[in-house]
Amino acid sequence: MKIGIVCYPTFGGSGVVATELGKALALKGHQVHFITYSQPARLDFFNENLFYHEVYIPSYPLFQYPPYELALSSKMVDIVQFEKLDLLHVHYAIPHASAAYMAKQILKTKGINIPVITTLHGTDITLVGKDASFEPVVTFSINQSDGVTAVSESLRTETYEFFPIERDIEVIPNFINLEKFRRQKKEHFRTAISPNNEKLLVHTSNFRSVKRVEDVIQIFSRVHDHIPSKLLLVGDGPERPKMEKLCRDLGIYHDVRFLGKLEAVEEVLSIADVFLMPSEKESFGLAALEAMACEVPVISTDAGGIPELNLNGVTGFVSAVGDVENMVQNALYVLDDERLPTFKANALARAHDFDIEKIVPLYENFYQKTIAAQLAEVNR
Ligand code: GMT
């Protein structure tokens, strides 16, 4: 198949999933064309089946807000026509699904029927999409997509609850490349961070308020009161300065390392004992899956799709959002030397359920089904 993928090119979860999916499809012989405003962060290797088309937005003094969506639609029209694509797969509803709708309508006037699949990732539904500024367009463009997928049952349910959606939404969960995300031998790194074999807790996120990084620090502070431990924080975002101050105020700053944005997250996860994800909302929790693939049990909330991934009492524990004390007790329970190996093994076993090798065929089948349905409709 010749597939166009539209996504955010940044490190965010939806961009990562879209890019890893495109790479995997290319390795299976499909031709994959990424259409976005800059090179996707994880599009870091050469393959003869991978193409990247940059959306260029001309600047003009009149534009206070450059019309990215229009430039994106025009680029989609151009690439579908020129490369003779079979399908457009857009990740994140805003503004990709509506831009694809516009492209589809333009292509129709040229006698081209391009099926559009929209994958919902989370904040496009649970946070931004619900806002009255976007809701009518989000609802319309989901309903106009030829196929819709969501990354968890919880996101599917929430989409039906909040938007008048008339289409079927297929759940295709996120996935993990177990060759990249695996526990590596990084003992020298561990010794440098925890010279006295302190327990290592890790959190990775974009430091937005929805991630509740303050809870991460409060949980760590109380665990630290009970057992020698260190906290590694990967990522960056608006909450970081406040969090650094909080660590100073709590007197734990010297046992916390703010590592910033790191590409090789798996190296940090390889030395971790527990992963903390106290999010307020999380459609899936890809960062937790990455940790589990590196044999790290997860202490999380029960928000959104997290319990579909982190099995309570098996791969870690889930607690109510904001229940810091419960997460502290769970972390201490898991960190017990007798229990930790079992939780680590369970986390890895669960990660195997989301092996990229198992999930990519679900997308391929969905593509084929959507293309066939579109053909049948055209020929009716
Ligand atoms: O979590 C974020 O803030 C980034 C966001 C995104 O759209 O890039 O992540 C969402 O999509 C990921 C990939 O499907 C999911 O694993 C995350 O759970 C989801 N985030 C939220 O729902 C808050």
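In this predicted model, the shell around the ligand divides by class into five nonpolar, 10 polar and four charged residues. In total, 19 residues surround the ligand, and the closest are S14, H121, N206, K211 and E282. Helix α1 (residues 13-27) supplies the largest share of this shell, namely three residues. Two domains take part in the enclosure: because domain 1 (2-175 + 356-378) and domain 2 (187-352) both give residues to the shell, the ligand lies between them.

Several short distances between the ligand and the protein backbone were computed. A polar backbone atom of S14 is 2.8 Å from an oxygen atom of the ligand, and a distance of 2.8 Å likewise separates a ligand oxygen atom from a polar backbone atom of S283. For G285, a backbone N or O atom lies 3.0 Å from an oxygen atom of the ligand. On its own, the ligand has 480 Å² of accessible area, of which the protein covers 93%.

Aromatic pairing was examined next. The count of aromatic pairs comes to 10. In the case of Y37 and Y68, the ring centres are 5.5 Å apart and the planes stand at 85°; an angle over 60 degrees counts as edge-to-face, so this pair is edge-to-face. The pair links distant parts of the chain, with the two positions 31 residues apart in sequence: Y37 belongs to the loop between β2 (31-36) and β3 (50-54), and Y68 to helix α2 (residues 68-83). The two partners fall into separate burial classes. Y37, with a relative accessible area of 34%, is partly exposed, whereas Y68 counts as buried at 14% relative accessibility.

The rings of Y60 and F63 provide a further example, with centres 5.8 Å apart and planes at 65°, so this pair is also edge-to-face. F63 has a relative accessible area of 36%; this value lies between the 20% limit for buried and the 50% limit for exposed residues, so F63 is partly exposed. Elsewhere in the chain, one aromatic cluster is formed by F317, Y333 and F343.

Polar contacts between side chains were found at two strand residues considered here, T149 and K230. T149 is part of strand β6 (residues 147-150) and has a relative accessible area of 0%, so T149 is buried. Its side chain is joined to that of T119 by a polar contact of 2.6 Å. K230 is located in strand β9 (residues 229-234). Despite carrying a side chain of the charged class, K230 counts as buried, since its relative accessibility is 14% and the limit for burial is 20%. The side chain of K230 makes a polar contact of 2.8 Å with the side chain of D255.

A contrast in sequence and spatial separation is given by N346, a residue of helix α14 (residues 340-352). N346 and V296 are 50 residues apart in sequence, and their C-alpha atoms are 9.2 Å apart in space. With a relative accessible area of 25%, N346 is partly exposed.

Backbone geometry was considered last. Most residues other than glycine have a negative phi, and most peptide bonds are trans. Against this background, the peptide bond from I94 to P95 is cis, with omega near -10°. P95 is found in helix α3 (residues 93-108). Y92, in the loop between β4 (87-91) and α3, has a positive phi of about 85° although this residue is not a glycine. The relative accessible area of Y92 is 13%, so Y92 is buried.

A positive phi, near 60°, also occurs at N197, again a residue other than glycine. N197 is placed in the loop between α7 (187-193) and β8 (199-204). At 55% relative accessibility, N197 counts as exposed, whereas Y92 is buried.

Notes
Residues numbered from 1 in each chain as written. Predicted model: local features only at pLDDT ≥ 70, side-chain atom pairs only at ≥ 80, totals over all residues. Heavy atoms only, no water. Near = heavy atom within 4 Å. Polar contact = N/O pair within 3.5 Å; in protein donor to acceptor, adjacent residues only side chain to side chain. Areas by Shrake-Rupley, 256 points an atom, 1.4 Å probe, with all protein chains shown as cover. Helix = DSSP H or I, 4+ residues; strand = E, 2+ residues; numbered from the N terminus. Domains from an automatic or database assignment. Phe/Tyr/Trp six-rings, centres within 6.5 Å; stacked < 30°, edge-to-face > 60°. Buried < 20%, exposed > 50% of the residue type's maximum accessible area, 1.4 Å probe, protein only.
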